[in-house]
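Good morning, colleagues. I would ask you to keep the sequence and the model in view while I go through the sheets, the core, the largest pocket and a few backbone details.

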Amino acid sequence: MNHLERRDAQMAYISDDKIFEEQLVCRKKLQKLNFMDRSDFKAVGEVVKDLLGKSDGAFINPPFYCDYGTHIEVGKNFFANYNCMILDVAKVTIGDNCQMAPNVAIYTAGHPVHPVSRNSAYEYGKEVTIGDNVWLGGNTVICPGVHIGDNVVIGAGSVVTKDIPDWSIAAGNPCRVIRKITDADKRKLFRDEEIDDEAWEDICNRMEF
């Protein structure tokens with residue numbers, strides 16, 4: 001197997017010239033995205049679509065960083081705020097209606113623990129999957145191989161090292177489930193504060209419950 005094949009099979013591989021060629025294509029697109037007129041929302045959206053390929057309403061606030069772009073698959077209405085980093089050595093699959101606060105980092109890349117193996121230049125990638133309707137708080141770190149379920153909120157500053165089940169609020173370092181999300185949370189805004197009557201009426205008229 002060549003190193004491209006090894007990388008895509010989530011095996012130990014070396015970043016050789018063929019792999020660097022793929023990364024160069026991505027870096028040129030990132031150069032355009034990260035230094036363009038950020039007030040031109042339409043143009044930014046077009047570059048994001050070119051970078052990620054398949055996307056439907058995806059928007060990223062530059063700056064944004066990734067290794068390939070083509071290994072990232074996002075669903076409808078994806079939004080990533082400033083300074084998002086996705087090291088997409090392995091595939092990163094993100095569902096519909098997902099939001100990422102500033103400084104979110106998703107890592108699929110890893111290196112051997114022992115220095116002899118690590119200094120050999122071999123590395124690896126393990127896929128990350130994120131379900132629908134997930135909100136990642138600011139400065140969240142998602143580690144290689146993690147799977148996050150649907151309808152999950154990850155608190156700011158969390159380091160997610162293990163899978164998180166559906167309908168969970170999770171936070172901490174390492175990130176742990178704090179509680180389940182229930183219907184009692186529908187009108188919650190911030191801590192014990194509730195959404196005001198005017199906004200709640202609008203939500204009820206526009207959204208399906």
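**Sheets, core and pocket**

I begin with a strand pair: β3 and β6 run parallel and are paired over 3 bridges. Strands here are DSSP runs of E with at least two residues, helices are DSSP runs of H or I with at least four residues, and both are numbered from the N terminus. Two strands are said to pair if DSSP finds at least two bridges between them.

Before I continue, a word on the source: this is a predicted model, in which local features need pLDDT of at least 70 and side-chain atom pairs count only at pLDDT 80 or more, while totals for chains, interfaces and linings use all residues. Residues are numbered from 1 along each chain as its sequence is written, and side-chain values use heavy atoms, with hydrogens and water left out.

Within the β3 and β6 pair, Tyr-65 stands opposite Met-85 of β6. On its way along the chain, β6 (residues 84-87) shows alternating side chains: Cys-84 and Ile-86 point to one face and are buried, whereas Met-85 and Leu-87 point to the other face and are not. Buried means under 20% relative accessible area, exposed means over 50%, and partly exposed lies in between, with a 1.4 Å probe and protein chains only. Strand β6 is also joined to β9 (residues 105-107) by 3 bridges, again in parallel, and there Leu-87 stands opposite Tyr-107.

These pairs belong to an open sheet of 5 strands with parallel pairing, in the order β3-β6-β9-β14-β17. Which strands stand at the edges? They are β3 (64-66) and β17 (159-160); each has a single partner strand, so one side of each is left without a neighbour in the sheet. Strand β17 pairs with β14 (residues 141-142) in the parallel sense over 2 bridges, with Val-160 of β17 as the bridge partner of Ile-142.

There is also an open sheet of 4 strands with parallel pairing, ordered β4-β7-β12-β15. Its edge strands, β4 (72-74) and β15 (147-148), each pair on one side only. Strands β4 and β7 (residues 92-94) run parallel and are joined by 3 bridges, and Ile-72 has Val-92 of β7 as its bridge partner.

I turn to the interior. A nonpolar core is a set of buried Ala, Val, Leu, Ile, Met, Phe, Trp, Tyr and Cys residues joined through side-chain atoms within 4.5 Å. The largest such core has 43 residues, of which Phe-64, Met-100, Ile-106, Ile-130 and Ile-148 touch the most other members. Helix α3 (residues 41-52) supplies the largest share of this core, 6 residues. Beyond its neighbours within four places in sequence, Ile-130 is in contact (heavy atoms within 4.5 Å) with residues including Met-100, Ile-106 and Ile-148.

Is a charged side chain such as Arg-7 buried or exposed? Arg-7, in helix α1 (residues 3-8), counts as buried at 2% relative accessibility. Not counting residues up to four places away in sequence, Arg-7 touches Tyr-13, Ile-19, Glu-22, Tyr-68, His-71 and Val-89.Next, the largest pocket. On a 1 Å grid over the protein atoms alone, a pocket is an open set of points where a 1.4 Å probe fits, with protein on both sides within 12 Å along at least five of seven lines, and lining residues have an atom within 4 Å of a point. A volume is the space filled by probe spheres set on the points, which are joined across faces, edges and corners. By that account the largest pocket holds about 1,400 Å³ of space. It is lined by 33 residues, and Trp-135, Val-153, Ile-181, Asp-185 and Lys-188 are the closest to its centre. Two or more lining residues come from each of β18, β19 (176-180), β20 (188-190) and α5 (197-206).

Lastly, the backbone. Most residues other than glycine have a negative phi, and most peptide bonds are trans. Here, a cis peptide bond with omega of about 5° joins Pro-62 and Pro-63, and the bond from Asn-173 to Pro-174 is cis with omega near 0°. Asn-139 has a positive phi near 65° and is partly exposed, at 46% relative accessible area. Asn-151 has a positive phi of about 60°, but counts as buried at 17% relative accessibility. Thank you.
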